[in-house]
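Here is a short briefing on a single protein chain. Look over the sequence and the structure, then read the points by topic.

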Amino acid sequence: MVVGTSCSGKTTLARRIAEVLDIPCVELDAVYWGPDWRECPTDEFREAVRGRAAADQWVVDGNYSKVRDILLSRATDAVWLNYSFPVVFWRALSRTCRRIISREELFGGNRETFGKSFFTRDSILWWVIWTHRGRRRLYRELFTVGAGAGIRLTELRRPREADDLMERIRGAG
């Protein structure tokens, strides 16, 4: 599992790990979001994630509490991208601007727009502001005394530590 606050780099790191290990990568956002930002019904989302997590090996990225129990019951390792707010917010802002300008297509054919990104409560930028501190508390508790306490945790505090982790994974074969 690769977890952390929104825009911390979970998807990028999960894809890198999956590629090196030659195992499937599951991007929870791609499973959850349909066209026009339509949310997948909870029962369908849980069933889809349960099916993907039934495989012997996988890497998953995402923070969805709706499926956390499924993933924690199957995960052996977790990487927590526990980056500072300035790092995460800069990533969110630069990524959002890049996606708006390039009209990059996301999961479900969705695209970020200037109006939604900067002038609505649904903004990913607002989401990062409002959830960053709480996510840090949540994951600290989850992996120390909560349901994830038995999972081998690698906590990364700086982006360069992700590169170091990738070198260790490559070296381990």
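Tyrosine 139 and phenylalanine 143 are both buried in this predicted model. They sit 4 residues apart in helix α7 (residues 124-144), so about one helical turn separates them. Their pairing opens the points below, followed by the surface patch, the salt bridges and the overall fold.

**Aromatic pairs**

- At 4% relative accessibility, tyrosine 32 falls under the 20% limit, so this residue counts as buried.
- The rings of tyrosine 139 and phenylalanine 143 are stacked, because their planes stand at 20 degrees, with the centres 6.0 Å apart.
- The count of aromatic pairs comes to 12.
- Tyrosine 32 and tryptophan 33 form an edge-to-face pair: the ring centres are 5.1 Å apart and the planes stand at 85 degrees.
- Which residues do ring pairs link into a cluster? The members are Tyr32, Trp33, Trp37, Phe45, Tyr64 and Phe107.

**Nonpolar surface patch**

- Phe85, Trp126, Ile129 and Trp130 make a nonpolar patch on the surface, of about 420 Å².
- Helix α7 gives the most to this patch, with 3 residues.
- Tryptophan 130 is found in α7.
- Is tryptophan 130 buried or exposed? Its relative accessible area is 60%, over the 50% limit, so tryptophan 130 is exposed.
- Helix α7 thus holds the buried residues tyrosine 139 and phenylalanine 143, and also the exposed tryptophan 130.

**Salt bridges**

- The count of salt bridges comes to 13.
- Arginine 50 and glutamate 47 meet through their side chains, at 3.1 Å from N to O.
- Both residues of that bridge lie in helix α3 (residues 42-53). Arginine 50 and glutamate 47 are 3 residues apart, about one turn of the helix.
- Arginine 50 is partly exposed, at 36% relative accessibility.
- Glutamate 47 is partly exposed too, with a relative accessible area of 47%.
- Where does the salt bridge of glutamate 112 lead? Its partner is arginine 99, with the closest N and O atoms 2.9 Å apart.
- Glutamate 112 lies in the loop between α5 (85-102) and α6 (114-119), and arginine 99 lies in helix α5, so the pair ties together parts 13 residues apart in sequence.
- Glutamate 112 and arginine 99 are both buried.
- A network of salt bridges links Arg98, Arg99, Glu104 and Glu112.
- Arginine 158 and glutamate 161 also form a salt bridge, at 3.2 Å from N to O.
- Arginine 158 has 40% relative accessibility and counts as partly exposed.

**Arginine 15**

- Arginine 15 is found in helix α1 (residues 10-21).
- The relative accessibility of arginine 15 is 48%, so this residue counts as partly exposed.
- Leaving aside residues up to four places away in sequence, arginine 15 touches Cys25 and Glu27.
- Arginine 15 and valine 60 are 45 residues apart along the chain. Their C-alpha atoms are separated by 8.8 Å.

**Overall fold**

- The protein has 8 helices and 7 strands.
- How does the radius of gyration fit a compact globule, and what is its value? The protein has 16 Å, which agrees with the value near 16 Å for a compact globule with 173 residues.
- The C-alpha trace spans about 45 × 35 × 30 Å along its principal axes.
- Of the 173 residues, 40% count as buried.
- Take the contacts between residues at least 6 apart in sequence: 68% of them join residues at least 24 apart.
- The accessible surface comes to about 9,800 Å². Carbon and sulfur atoms account for 52% of that surface.

How values were computed
Residues numbered from 1 in each chain as written. Predicted model: local features only at pLDDT ≥ 70, side-chain atom pairs only at ≥ 80, totals over all residues. Heavy atoms only, no water. Phe/Tyr/Trp six-rings, centres within 6.5 Å; stacked < 30°, edge-to-face > 60°. Buried < 20%, exposed > 50% of the residue type's maximum accessible area, 1.4 Å probe, protein only. Helix = DSSP H or I, 4+ residues; strand = E, 2+ residues; numbered from the N terminus. Patch = residues over 30% accessible without salt bridge, like charges linked within 9 Å, V, L, I, M, F, W, Y side chains within 5 Å. Areas by Shrake-Rupley, 256 points an atom, 1.4 Å probe, with all protein chains shown as cover. Salt bridge = Lys/Arg side-chain N within 4 Å of Asp/Glu carboxyl O. Rg over C-alpha atoms; globule rule 2.2 N^0.38 Å. Contact = heavy atoms within 4.5 Å.
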